[in-house]
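This report describes one helix, its packing partner and the nonpolar core to which both contribute. The structure is shown first.

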Amino acid sequence: MTTKPNHNSLKRKLAKVGKLPVEELAGRSQLNIDLMQEEFEVVMHNQIEELTDIVRAKDPASIRTIYEMSSQIISSASFVKADWVSRAAQSLCEVHEIMSAGKWDWEAIGVHGKTIQLLASLEPSQEAISQSLLEGLSAVVAAKRA
């Protein structure tokens with residue numbers, strides 16, 4: 001027994017959005033997402049470089065900018081699925097908030113900046129190294145809380 005394919009008008013309408021087949025639109029969307037990920041990766045690395053320069057300068061006028069840059073890194077790192085970088089930037093935001101309420105410590109900020117930079121350079125296979133670095137940042141945050 002053979003069955004005849006159902007080619008009713010509703011099925012044909014659902015298979016196309018506008019004048020393009022759904023499969024083609026999905027492929028184009030994925031291509032755009034892939035291109036955007038490459039762009040966001042460049043953006044993330046530029047943000048990290050800018051953050052590193054700001055931290056290195058140790059200018060008290062840039063303290064607020066450090067938090068803002070960290071927040072931007074969280075966004076771009078999340079988009080490109082750079083979870084380690086995102087978590088390190090979140091840690092920097094946390095330590096920034098703690099220190100803003102008390103004594104400022106450029107060394108703790110510098111450690112975070114360098115760690116973010118290092119994490120951005122790691123390969124996905126280097127998870128053990130990244131976990132160790134993130135644990136170190138957690139220890140810095142805990143020390144600042146005390």
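## The two faces of helix α6

In this predicted model, the buried residues of α6 are S130, L134, L137, V140 and V141. Viewed down the axis of α6, these residues lie within an arc of 105°, so they line one face of the helix. The exposed residues A128, E135 and A143 sit on the face turned away from that buried side.

Helix α6 comprises 19 residues (127-145), which at 1.5 Å a residue should span 27 Å; the C-alpha atoms at its ends are 27 Å apart, in agreement with this expectation.

## Packing against α4

The cover over the buried residues of α6 includes α4 (83-100) and α5 (106-121). The axes of α4 and α6 are 10 Å apart and form an angle of about 10°. Because angles under 35 degrees count as roughly parallel, α4 is described as roughly parallel to α6.

On the α4 side, the residues in contact are W84, R87, A88, S91, E94, V95, I98 and M99. They meet E127, S130, Q131, L134, L137, V140, V141, K144 and R145 of α6.

## The largest nonpolar core

The largest nonpolar core has 32 residues, and those with the most contacts inside it are M44, L51, I66, V85, I109 and I116. Two or more residues each are given to this core by α2 (22-57), α3 (63-79), α4, α5 and α6. Helix α4 supplies the largest share, eight residues.

Leaving aside residues up to four places away in sequence, L51 touches I66, M69, S70, I73, L92 and I116.

Note on methods:
Residues are numbered from 1 along each chain as its sequence is written. This is a predicted model: local features need pLDDT of at least 70, side-chain atom pairs count only at pLDDT 80 or more; totals for chains, interfaces and linings use all residues. Side-chain values use heavy atoms; hydrogens and water are left out. Helices (H or I, at least four residues) and strands (E, at least two) are DSSP runs, numbered from the N terminus. The expected span of a helix is 1.5 Å times one less than its number of residues. Buried means under 20% relative accessible area, exposed over 50%, partly exposed in between (1.4 Å probe, protein chains only). The arc is that of the directions from the helix axis to the C-beta atoms. Contact means heavy atoms within 4.5 Å. A nonpolar core is a set of buried Ala, Val, Leu, Ile, Met, Phe, Trp, Tyr and Cys residues joined through side-chain atoms within 4.5 Å. Axes are lines fitted to C-alpha atoms, for helices over the stretch in contact, and angles run from 0 to 180 degrees between N-to-C directions. Angles under 35 degrees count as roughly parallel, over 145 as roughly antiparallel, 65 to 115 as roughly perpendicular and the rest as oblique.
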